[in-house]
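Here are my notes for you to read with the structure open beside them. Take the points in order and find each piece as you go.

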Amino acid sequence: MAEGERQRADQAFHELPIGTDIGSIEYTLSEERVQRHLRATHQTPYPDSGGERLAPVSILASDGIWLAEARFDIGESVHAGQRLEVANIPIVGSRVKVSGKVIDKFEKGGRQFVVMDVVSEDDRGRVLARGRMTGVARYRPEGGAP
Amino acid sequence: MTPPPIEVGDELEPVSRVVTLEDMVLFEPEGEKNIHTDDEVARAAGLPAAIAAGVQFMSYIFDMLHREYGFQSVEGTVLDVRIREPVLAGDTVTARGRVTEVKADGAEARVSLEVWCETQRGGHVIAGTAQVPVRAGDAAGAT
C-alpha cells in the first residue's frame, strides 16, 4: 500500500466512530445460491417444512462479509472471528436483508481490526440470524471502491 | 429407541472432508476472483496458494451438530469461533466437538460444547464454542 493511501486508511480507522451504521445489503436466497453452498460444503440438506425448501443456516455465516465489503476494504481478508446465533432457518427463494454496525475496533500486531454486529432478516420480517464478525477491514466512509 | 443421555465429555461423531479448490470456488459468489479462489491472487498477497475462507468450516461444525442433535436443534444454536490456521486445497479438515455442559430445562436441554476443525497436520483451523438447544427425541442424528 502506498504511504499516502496508508495514511488515509489510518485516519479513517482512527476517526471511525463506534456505533457507525454500516447500512444494509439485500440478496435473494435463490435455489441456485443454496445448491452452490450445499455443493461447496457437502452438508446434509434439511428436510422440507410445510412444503417449503429450507436452506442450511451456515449460508448466513457469510452475510457479514458481504455487508462489510460494501463499506470496507477487506482485500487483506484477515478474518479473525465469527459468532452466529441462529434464530430462524432461512427459506429458499426468500429475500434476505443484512444490516449492521461497528461495535468495536482495535489494533493488534500492526493490523487494524473492526468488530461488527450484523443482523440477517427475511422478507417475512423474521430475524434469521445475529452475527458478530471480527476482521481486518479498512473503512471507506463513502463506500464504493477503495 | 431412546437415545442415550447427553453427558459432559461426550464426543460428537466427527465430520471429515477433503477440501478441493472447486469447493473453495463454489463457496464464494460466482465469478469472484480472490485469495480464496485464485492461486495467483493468493501468491500476490504472500500466500503459498489459494486458502479456504474460514467461515467455510463453520458449515462443517453446523453439519456435525445437526447430525448429532437433529434438525429441531438448529434454531437457537449459537456458534462462536476464532479463525486460526489457513487451509489449502487438498487438506483434510475434520470437525470435532466435545460436550462441556448440559443444562436441563423441561423437555429441552441446553448443551454447551467446545468445537473445532483440524487438518491432517493437527492444527486447528477454527475453534470455539457452541450452544445447542436439544429437544426431547431430537438427539442421535434424527433429521
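**Where the two chains meet**

1. Start at one pairing between the chains: Gly81(A) has Arg82(B) as its bridge partner in β2(B). Keep in mind while you look that this is a predicted model. That pairing belongs to a longer run, since strand β3 (residues 79–86) of chain A and β2(B) are joined by five bridges and run antiparallel.

2. Now look at the other neighbour of β2(B). Strand β5 (residues 124–135) of chain B pairs with β2(B) through six bridges, again in the antiparallel sense. If you want a residue to click on, Val78(B) has Gln131(B) as its bridge partner in β5(B).

3. Which residues of β2(B) sit on its covered face, and which on its uncovered one? On this strand (residues 78–83), Leu79(B), Val81(B) and Ile83(B) make up the covered face, while Val78(B), Asp80(B) and Arg82(B) make up the uncovered one.

4. Zoom out and you'll see where these pairings fit. Ten strands build an open sheet, in the order β1(A)-β4(A)-β5(A)-β6(A)-β3(A)-β2(B)-β5(B)-β4(B)-β3(B)-β1(B), with antiparallel pairing. At the edges are β1 (21–28) of chain A and β1 (15–18) of chain B, each of which pairs on one side only. Neighbouring strands are turned against each other by 15° on average, if you ignore direction.

5. Within the chain A part, have a look at strand β4 (residues 95–108) and strand β5 (residues 111–122), which pair antiparallel over twelve bridges. Here Lys97(A) stands opposite Glu121(A) of β5(A).

6. Next, the helices on the sheet. Helix α3 (residues 63–71) of chain A lies across β1, β4, β5 and β6 (127–136) of chain A, at about 120° to β1(A). α3(B) packs on the sheet too, touching β3 of chain A as well as β1, β2, β3 (92–105), β4 (108–119) and β5 of chain B. The direction of α3(B) makes about 30° with that of β5(B).

7. What does the contact between the chains look like in numbers? 26 residues of chain A are in contact with 26 residues of chain B. On the chain A side, α2 and β3 are the elements giving two or more residues, and β3(A) has the largest share with eight. Sorted by class, that side holds eleven nonpolar, eleven polar and four charged residues.

8. Then there's the inside. The largest nonpolar core has 63 residues, and Phe57(B), Met58(B), Tyr60(B), Ile61(B), Cys117(B) and Ile126(B) have the most contacts inside it. Helix α3 (residues 58–69) of chain B gives the largest share of this core, seven residues. Take Ile126(B): beyond its neighbours within four places in sequence, its contacts include Phe57(B), Met58(B), Val81(B), Ile83(B) and Cys117(B).

9. A quick profile of chain B: three helices and five strands, arranged β-α-α-α-β-β-β-β from the N terminus on. Its C-alpha atoms fill a box of roughly 55 × 30 × 25 Å along the principal axes. Of its 143 residues, 38% are buried. Among contacts between residues at least 6 apart in sequence, 66% join residues at least 24 apart.

10. Last, a word on confidence. Chain A has an average pLDDT of 87, with 89% of its residues scoring at least 70. Among the elements of chain A, helix α2 (residues 31–41) has the highest mean, 95, and strand β7 (residues 138–139) the lowest, 69.

Definitions and conventions
Residues are numbered from 1 along each chain as its sequence is written. Chains are lettered from A and ligands numbered from 1 in the order in which they are written. This is a predicted model: local features need pLDDT of at least 70, side-chain atom pairs count only at pLDDT 80 or more; totals for chains, interfaces and linings use all residues. Helices (H or I, at least four residues) and strands (E, at least two) are DSSP runs, numbered from the N terminus. A residue is buried if 20 or more other C-beta atoms lie within 10 Å of its own, exposed if 12 or fewer, and partly exposed in between; C-beta atoms are placed from the backbone. Two residues are in contact if their C-beta atoms, placed from the backbone, lie within 7 Å. Two strands pair if DSSP finds at least two bridges between them. pLDDT is the predictor's confidence in each residue, from 0 to 100. Ala, Val, Leu, Ile, Met, Phe, Trp, Tyr, Cys and Pro count as nonpolar, Asp, Glu, Lys and Arg as charged, and the others, Gly among them, as polar. A nonpolar core is a set of buried Ala, Val, Leu, Ile, Met, Phe, Trp, Tyr and Cys residues joined through C-beta atoms within 7 Å. Axes are lines fitted to C-alpha atoms, for helices over the stretch in contact, and angles run from 0 to 180 degrees between N-to-C directions.
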